[in-house]
Amino acid sequence: MSDSPSNNLSTRLIHSGRDPKNQLGAVNPPIHRASTIILEKAEDLYRNDVRTYGISGMQVHEALKDALCALEDAKHCLLTESGLLACTLPIFALVGAGEHVLVPDNTYGPTRRYCDRSLKRAGGQVTYYDPLIGDGIADLIQDNTTLIMIESPGSLTFELPDIRAIVRAAKARGVTTALDNCWGSGVYLRPLDIGVDISILATTKYAGGHSDTLSGALLLNSDRLVRKLSDASTDLGLCTSPEDAAIVLRGLRTMTTRLKVHEASGLEIAKWLQTRPEVTQVLHPALPENPYHGIWKRDFTGSAGLFSFEIKPTSPEKVIEFLNAFKLFGLGFSYGGYESLVVSCDPQLTYRVHENKSFNGPLIRISVGLEDPSDLKADLEQAFKTLTV
């Protein structure tokens, strides 16, 4: 792999994972659709340091891992077939029968589902903690706690935990930490730099950037942890397709450029929403009025285009009418693609056990894409009219 000639992230992402001399001069690595690998020597058939089957990945996978490592200056990268799998693989690998994991109460819904269903079925234990607990997490660490999950910001309600305090408490007890870094995407938050052991990325989102791939990644520096995670991945037969690897690698080359637009447009629309009579609060940590703004300034270098806002109390029927009125914002989950999206959050808030926020009205989450902000404001404005009819 070629070395990047710069310490600037945009330049590193352009040049990492590229080796034209070994690619017939091509800028991008080839896509090998391979299962069987033909070896030249019989003594190589059972070696662990030789690629013997396509499930271990090909040239495009190695190029993607190299580029993802450059994203957060990580030593190791594991690829997964989805962002959800990137969230659940550390739990699967590090929390066994009779062992315990701490998970924030505002965690990504499917991660919670895995803990409540598959982890418990396997004999693991889970405690959902207040995401604002800070160094109080020390009181929840048990003798059998092997992993603390962190999410920053939290799904839907965008609380920012005190990552540094949680990491200090974890290290004092020898407990591994893993942080869902999908919003910061490795560009605006670098968890490994502040002591987190595993950075979780849904490369489906901003890295891919075009809503046409499902993939994830784990970034870390520990040789011991990467062996555990790699063994779990091998035991499950996980293998990212070469096409998905190539799509994410292509998206990474332009991610920093696209994120600047997502950030600027997201902030413009968030500030505009603060002026709307239909909106009671905007949940965006980069806004100075946000209660987590201080932590955001300390830990983040920018913001994504995803945030939520609360509208004045209204009926469920009116919320449906409001959502159905959008013409540019699509009704869809995920985020980080070029298109703007909107979903209602309230059905997902019923599972929480800690009341960290009080909402009098419905909560709406939007992902601001790459459309012109004036068009998105116009779309929001015409949808708001349904709330006043």
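The following exchange between a visitor and a guide walks through the sheets, helices, salt bridges and one surface patch of a predicted model.

Visitor: In which order do the strands of the seven-stranded open sheet stand?
Guide: The pairing in this open sheet is mixed, and the twist averages 20° from one strand to the next. Read across the sheet, the order of the seven strands is β1-β7-β6-β5-β4-β2-β3.

Visitor: Which strands stand at the edges of that sheet, each with a single partner strand?
Guide: In the order β1-β7-β6-β5-β4-β2-β3, the sheet is open. A strand with a single partner has one side left without a neighbour in the sheet, and this applies to β1 (76-80) and β3 (125-129).

Visitor: Which residue in β7 stands opposite Leu-79?
Guide: Strand β7 covers residues 216-220 and pairs with β1 in the antiparallel sense, over five bridges. Within β7, the residue that stands opposite Leu-79 is Ala-217.

Visitor: At about what angle does helix α6 run to β1?
Guide: Two helices that lie across strands of this sheet can be described in turn. Helix α5 (residues 163-172) lies across β3, β4 (145-151) and β5 (176-180), and its direction is at about 175° to β4. Helix α6 (residues 223-236) lies across β1, β5, β6 (198-201) and β7, and its angle to β1 is about 20°.

Visitor: Which are the edge strands of the five-stranded open sheet?
Guide: The order in this sheet is β8-β9-β12-β11-β10, again with mixed pairing. The strands that pair on one side only are β8 and β10 (330-331).

Visitor: How many of the six residues of strand β9 are buried?
Guide: On one side of β9 the residues are Leu-306, Ser-308 and Glu-310, on the other Phe-307, Phe-309 and Ile-311, and both faces are covered. Strand β9 (residues 306-311) is accordingly described as mostly covered, and the number of its residues that are buried is six.

Visitor: Which residue of β12 is the bridge partner of Phe-309?
Guide: Strand β9 pairs with β8 (residues 279-283) in the antiparallel sense over four bridges, where Val-279 has Ile-311 as its bridge partner and Leu-283 stands opposite Ser-308. Strand β9 also pairs with β12, again in the antiparallel sense, over five bridges. In that pairing with β12, the bridge partner of Phe-309 is Ile-364.

Visitor: To which strand does helix α9 run at about 170°?
Guide: Helix α9 (residues 316-324) lies across β9, β10, β11 (341-344) and β12. The strand to which α9 runs at about 170° is β11.

Visitor: Is Lys-318 buried or exposed?
Guide: Lys-318 and Glu-321 both lie in helix α9, three residues apart, about one turn of the helix, and their side chains form a salt bridge with an N to O distance of 3.5 Å. Glu-321 has a relative accessible area of 37% and is therefore partly exposed. For Lys-318 the value is 17%, and because the limit is under 20%, Lys-318 counts as buried.

Visitor: How many residues apart in sequence are the parts tied together by Arg-33 and Glu-243?
Guide: A search of the whole structure finds 22 salt bridges, among them one between the side chains of Arg-33 and Glu-243, at 2.4 Å from N to O. Arg-33 lies in the loop between α1 (9-15) and α2 (59-72), whereas Glu-243 lies in helix α7 (residues 242-273), so the pair ties together parts of the chain whose separation in sequence is 210 residues.

Visitor: Is Asp-143 buried or exposed?
Guide: Asp-143 forms a salt bridge with Arg-173, the closest N and O atoms being 3.5 Å apart. Arg-173 is in the loop between α5 and β5 and Asp-143 in the loop between β3 and β4, 30 residues apart. Arg-173 has a relative accessibility of 41% and counts as partly exposed, whereas Asp-143, at 82%, counts as exposed.

Visitor: Which residue of the nonpolar surface patch is found in the loop between β12 and α11?
Guide: The patch, of about 250 Å², is made by Val-261, Tyr-338 and Leu-370. One of these residues is partly exposed, with a relative accessible area of 33%. That residue, found in the loop between β12 (363-367) and α11 (373-388), is Leu-370.

Note on methods
Residues numbered from 1 in each chain as written. Predicted model: local features only at pLDDT ≥ 70, side-chain atom pairs only at ≥ 80, totals over all residues. Heavy atoms only, no water. Patch = residues over 30% accessible without salt bridge, like charges linked within 9 Å, V, L, I, M, F, W, Y side chains within 5 Å. Areas by Shrake-Rupley, 256 points an atom, 1.4 Å probe, with all protein chains shown as cover. Salt bridge = Lys/Arg side-chain N within 4 Å of Asp/Glu carboxyl O. Buried < 20%, exposed > 50% of the residue type's maximum accessible area, 1.4 Å probe, protein only. Pairing = 2+ DSSP bridges. Axes fitted to C-alpha atoms, helices over the stretch in contact; angles between N-to-C directions. Contact = heavy atoms within 4.5 Å.
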